[in-house]
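Let's work through a few exercises together, with each solution laid out step by step. Take a look at the sequence and the structure, then try each task before reading on.

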Amino acid sequence: MRVESDRARALDEADLDSEREVDLARYGWAILSRWWLVLAAIAAGAVIGWLVSVGGGDVYQARATIYPGQPLTPSSNSQIQSLQTNPSTINQIVRSESVVRSVADQVGVPPGELRSGISTKAVAGSVARVGQVQLVEVSVRGPWRRQSAEAANLLSEITVARISTYPDAKIDQLEQLLGSVEGQLATIDETIAGYRDALAAPDDLSSTDRLVLVGLLSDVQVQRGQLVQQQTETSLSLALAEDVERGRVITRATANRVAAQSSRSAIVVGAVIGLVVGILLALLWDPGRRRFSRSRP
């Protein structure tokens with residue numbers, strides 16, 4: 001009896017499998033026979049998606065480009081790691097609560113709406129190596145033309161100020177050093193001019209005094225040469241800190257009108273929805289037509 005029951009169960013499962021195969025074959029044939037219906041649904045879905053993307057209202061996008069800066073050691077002979085070289089620093093700053101609220105108050109837009117439109121990304125084409133910074137684009141997207149551009153520029157300026165504290169301190173020290181060197185040079189130039197004037201007097205100095213003045217003048221000129229070299233090195237270090245180490249805004253933002261949604265993604269989504277609807281219509285076409293025919297008098 002048990003063997004017969006197992007055999008009957010196996011036959012039932014075989015019948016179910018065959019029925020499933022028949023159903024799948026019937027569904028596949030229904031879809032293939034109504035391919036034009038599926039294709040029309042896909043086309044209609046893609047068109048509707050495109051219309052939605054272009055008809056979603058006025059949306060503006062403003063982009064500013066930041067150079068984060070490359071910090072160097074105090075002697076400027078090697079790179080160092082800092083906030084400027086961390087890829088996530090800029091995104092964390094521009095999306096922080098305090099920064100978003102401050103910028104929103106300044107430009108006059110809701111903080112939540114501004115935050116949802118803020119994004120950052122590395123500029124395409126720049127090759128990053130260990131310790132090398134990339135250009136970063138700060139973008140603001142929203143229903144405002146002027147405020148979007150102002151917000152993007154403010155976010156970029158705030159970011160540059162926050163990540164450039166070390167280069168700013170270095171620049172301040174170099175400017176003080178340069179000012180000190182220039183002051184010493186001015187004093188030495190006055191001293192040299194006095195020595196030369198004294199040596200130019202024909203009868204006021206003895207031969208010994210002249211020799212002493214010549215020696216003093218020679219020493220001062222050597223000191224002046226050393227200060228000029230220090231001035232040159234300090235000026236170059238200052239230029240390096242300002243142009244390379246410190247971050248800055250490369251391009252300021254201007255707002256451009258864009259589609260409320262990405263046209264490409266909207267078309268793809270619409271086409272996928274159309275595909276699903278087209279398959280359902282193809283499967284229901286024959287049953288619906290038969291029901292309609294029976295309902296007619």
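**Exercise 1: A pair within one helix**

Glu97 is partly exposed, with a relative accessible area of 39% (buried means under 20% relative accessible area, exposed over 50%, partly exposed in between, with a 1.4 Å probe and protein chains only). Before we go on, please note that this is a predicted model, in which local features need pLDDT of at least 70, side-chain atom pairs count only at pLDDT 80 or more, and totals for chains, interfaces and linings use all residues. Residues are numbered from 1 along each chain as its sequence is written, and side-chain values use heavy atoms, with hydrogens and water left out.

Task: Which side chain does Glu97 meet in a salt bridge?

Solution:
- Start with the rule: a salt bridge is a side-chain nitrogen of Lys or Arg within 4 Å of a carboxyl oxygen of Asp or Glu.
- The partner is Arg101, at 2.6 Å from N to O.
- Arg101 is partly exposed, at 46% relative accessibility.
- Both residues belong to helix H4 (residues 97–107), four residues apart, or about one turn of the helix. Helices (H or I, at least four residues) and strands (E, at least two) are DSSP runs, numbered from the N terminus.
- Here is the background: an α-helix has 3.6 residues a turn, so residues three or four places apart point the same way.

**Exercise 2: Pairs across the chain**

Task: Where in the chain do Arg246 and Asp168 lie?

Solution:
- The two side chains form a salt bridge of 2.5 Å, N to O.
- Arg246 sits in the loop between helix H8 (207–245) and strand E4 (248–251), and Asp168 in helix H7 (residues 165–200), so the pair ties together parts that are 78 residues apart in sequence.
- Arg246 is partly exposed at 23% relative accessibility, and Asp168 is partly exposed at 29%.

Task: Is Glu137 buried or exposed?

Solution:
- Glu137 has 16% relative accessibility, so it counts as buried.
- Its salt-bridge partner is Arg63, at 3.3 Å from N to O.
- This pair links distant parts of the chain, with Arg63 in strand E1 (residues 59–67) and Glu137 in strand E3 (residues 136–142), 74 residues apart.
- Arg63 counts as partly exposed, at 38%.

**Exercise 3: Helix H7**

Task: What do the buried residues of H7 pack against?

Solution:
- Among the buried residues of H7 are Leu174, Leu178 and Val181.
- The buried residues pack against helix H6 (146–163) and H8, where contact means heavy atoms within 4.5 Å.
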